[in-house]
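Okay, thanks for making room for me this morning. I'd like to walk you through one structure, so have a look at it while I talk.

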Amino acid sequence: MKRYLNFITILPALFLLLGMAACSDWREKEPLDLEFDRIQDESSPVYQAYLANLREYKQTDHRIMVGWFDNTQGKTQYVSRGNHLTSVPDSMDVVVLLSPDDLDQTIISEMKKIKREKGILTLYEIDCLSADRTILRTIDQEVREGATTDEDARYLELFEEWFRSQVTLLGKYEYDGLCLYYNGYTPTEIITPDIYERMEKVQDIIFENLASVYSADPDKLYFYEGFAENVLQPASRLAMFDYYVLRMTESDNTGAADVLIDQMWKNTEVPRRPFIPMVQTFSLDNDGKTGVFFDRDHNARSAITEMAYWVPENGTVTKAGIGVYNMQRDYYNQELDYKYMREGIGIMNPAPFI
């Protein structure tokens, strides 16, 4: 199976060029540095050499950083640099857009720019859970308005229409891949034959459409986010995916990752793939819960940095790196834009471009 991203071994020594000049977005906010400004000029040979080394680094074995980016606000106005893809850390490997359609020319051009210059790939999320809620609300509204159609049949009709529209986005915006977010039902949740039958039909829609997409674009990058153990016929249906994403946005410690992995491996038909545990950034209002993990001494820490320490630990599974949900919130750190994501990259990969 192809791999766009390399990981596992420790990074090579820090590129010598970094010692020549501070030439990326990673610097702390400070009064204008004219040398820094000149180096970022695309015509600067130093900056071009930096970008070349950065792209070369992306091809080395390293733990990857993936960020789920809420681009909703950017569709209407770019009120902050935090709304721009060009502001993400240089050492990012993948950005996953949470609002993948109706993109304006600004974000489309930035997707191309960060890939061309920095080797950062852009994927998009197909969120089946959000679609499920939207479809159920639609059907409920139709029933209140007097509709008498079969609700299960109507659900499948709306779901298929939505899912087909989602897979077309891969080519429409020239994404580098996609991330399927789907949980399915656990055996204890399948309490009636009707529930199982609907899950079976929904999965037929999902994986038949994805099989066609993969057949046409096998070199794209494919993430599976959710409970892989709940996929019917997992050996064949999950074979196309390069990574499994463990959503840990509601967890408060790294041990939850081990629980999720053990749960997945109970289904022995699930193909083995590298894992990417996904955590959250701190909330903008610092609620003391969002994006917080507790270490072994019960101290509150950044979920990003705690998970970054967990990834290199020895274990029986392959840990590809970490993912960060709502990554753009980390941009607004008072000390340094994307402070905790940069720290996470540095923890997983000593001496990266951050």
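**Starting from one asparagine**

Let me begin with a single contact: the side chain of asparagine 349 gets to within 2.7 Å of a backbone oxygen, the one on arginine 63. Before I go further, please keep in mind that this is a predicted model.

So where does asparagine 349 sit? You'll find asparagine 349 in the segment that follows helix 11. And is asparagine 349 buried or exposed? Buried, because its relative accessible area is 0%. Look at aspartate 61 as well: in sequence, asparagine 349 and aspartate 61 are 288 residues apart, yet from C-alpha to C-alpha there's 9.7 Å in space.

Now zoom out. The chain has 11 helices and 10 strands, and eight of those strands close into a barrel with parallel pairing. What's the order around the barrel? It goes 1-2-3-4-5-6-7-10. From one strand to the next, the twist averages 25°.

Take strands 7 and 10, residues 275-280 and 321-325, which pair in parallel over three bridges. One residue to click on there is methionine 278, whose bridge partner in strand 10 is glycine 323. Helix 11, residues 339-348, packs on the sheet and touches strand 1 and strand 10. The direction of helix 11 makes about 160° with that of strand 1.

Over to helix 5, residues 151-167. Helix 5 lies across strands 3 and 4, and runs at about 180° to strand 3. Within helix 5 you've got phenylalanine 159 and phenylalanine 163, four residues apart, so to speak about one turn of the helix. Both of these phenylalanines are buried.

That brings me to the rings. How many aromatic pairs does a search of the whole structure find? The count is 16. Phenylalanine 159 and phenylalanine 163 make a stacked pair, 6.0 Å centre to centre with 20° between the planes. Tyrosine 224 and phenylalanine 241, on the other hand, are edge-to-face, at 5.4 Å and 75°. Tyrosine 224 is in strand 5 and phenylalanine 241 is in the loop between helix 8 and strand 6, so this pair ties together parts 17 residues apart in sequence. Tyrosine 224 and phenylalanine 241 are both buried, and they belong to a cluster that ring pairs build with Tyr244, Trp265 and Phe275.

Last, the whole chain. Of its 354 residues, 52% are buried. The chain exposes about 16700 Å², with carbon and sulfur atoms supplying 50% of that.

Definitions and conventions
Residues numbered from 1 in each chain as written. Predicted model: local features only at pLDDT ≥ 70, side-chain atom pairs only at ≥ 80, totals over all residues. Heavy atoms only, no water. Pairing = 2+ DSSP bridges. Helix = DSSP H or I, 4+ residues; strand = E, 2+ residues; numbered from the N terminus. Axes fitted to C-alpha atoms, helices over the stretch in contact; angles between N-to-C directions. Contact = heavy atoms within 4.5 Å. Buried < 20%, exposed > 50% of the residue type's maximum accessible area, 1.4 Å probe, protein only. Polar contact = N/O pair within 3.5 Å; in protein donor to acceptor, adjacent residues only side chain to side chain. Areas by Shrake-Rupley, 256 points an atom, 1.4 Å probe, with all protein chains shown as cover. Phe/Tyr/Trp six-rings, centres within 6.5 Å; stacked < 30°, edge-to-face > 60°.
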